[in-house]
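Please find below some remarks on the model, set out point by point for discussion.

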Amino acid sequence: MSDDLAARLRSLRDRSGWTVVDMAERTGIPKRTLDKYMLRSGANLPGFDALLSLSKGLGVSLDWLAFGSDFVSEGSELLVAVAAEETSLQYFETIYREAKAGRKPVVEGEELLGLTPEAWAFDLGVRAGEKAKDLAARGITRQELLEKRAASDARAGEMLQDSFDRKLSVGAAK
């Protein structure tokens, strides 16, 4: 792990255009210690407090820092998928309610309920990000995310089957 961590720190330094002194200022970790964390072979492994300082000071997740992108990508993907689904469902329910009520046109010119697609996407992105942050702050576990995903997949399968069955029954009635 120390070699992987060292490589991630070096890569972050290079991508960000930082010097080790810059990193030391951001993290509060002495330059000499950071140099030891970033050695190409035989790098020292930081303790938990140092990992926290690195994560906060350098603006990267603790997961990425400690485990790399393979670990983070699965957890992040699950978190984003759950947050996006829960958030977008609220949007589609709003659009459906407004369309059903017929109080105003759903589509008018380039707008959907008075907003451009870009404005809808921006707002949805912000709210999904807030939802993901809320889920993470509550300490949602990987298992809980997997359970939510499985429930969602099961519901999607049911909806697809229902739609298929309705189309078959309409076709048979003709």
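The points that follow concern a predicted model and take up its nonpolar cores, then two individual residues.

1. The largest nonpolar core comprises 18 residues, and those with the most contacts inside it are Leu-9, Met-23, Leu-34, Tyr-37, Leu-54, Leu-58 and Leu-65. At least two residues of this core come from each of α1 (2-16), α2 (20-27), α3 (31-37), α4 (48-58) and α5 (62-67), and α4 gives the most, with four residues. As general background, nonpolar side chains in soluble globular proteins tend to be buried together.

2. Leu-34, one of the residues with the most contacts inside the largest core, is in contact with Val-20, Met-23, Ala-24, Thr-27, Ile-29 and Leu-54, once its neighbours within four places in sequence are left aside. Apart from the largest core lies another, of eight residues, which include Val-82, Ala-132, Leu-135 and Leu-145.

3. Glu-98 lies in helix α6, which spans residues 69-101, and it counts as buried because its relative accessibility is 18%, under the 20% limit for that class. Not counting residues up to four places away in sequence, Glu-98 touches Arg-103, Lys-104 and Leu-113.

4. Leu-113, one of the residues that Glu-98 touches, is placed in the loop between β2 (111-112) and α7 (117-137). Leu-113 has a positive phi of about 50 degrees although it is not a glycine; most residues other than glycine have a negative phi. Is Leu-113 buried or exposed? With a relative accessible area of 11%, Leu-113 is buried.

Methods:
Residues numbered from 1 in each chain as written. Predicted model: local features only at pLDDT ≥ 70, side-chain atom pairs only at ≥ 80, totals over all residues. Heavy atoms only, no water. Buried < 20%, exposed > 50% of the residue type's maximum accessible area, 1.4 Å probe, protein only. Core = buried A, V, L, I, M, F, W, Y, C linked by side-chain atoms within 4.5 Å. Contact = heavy atoms within 4.5 Å.
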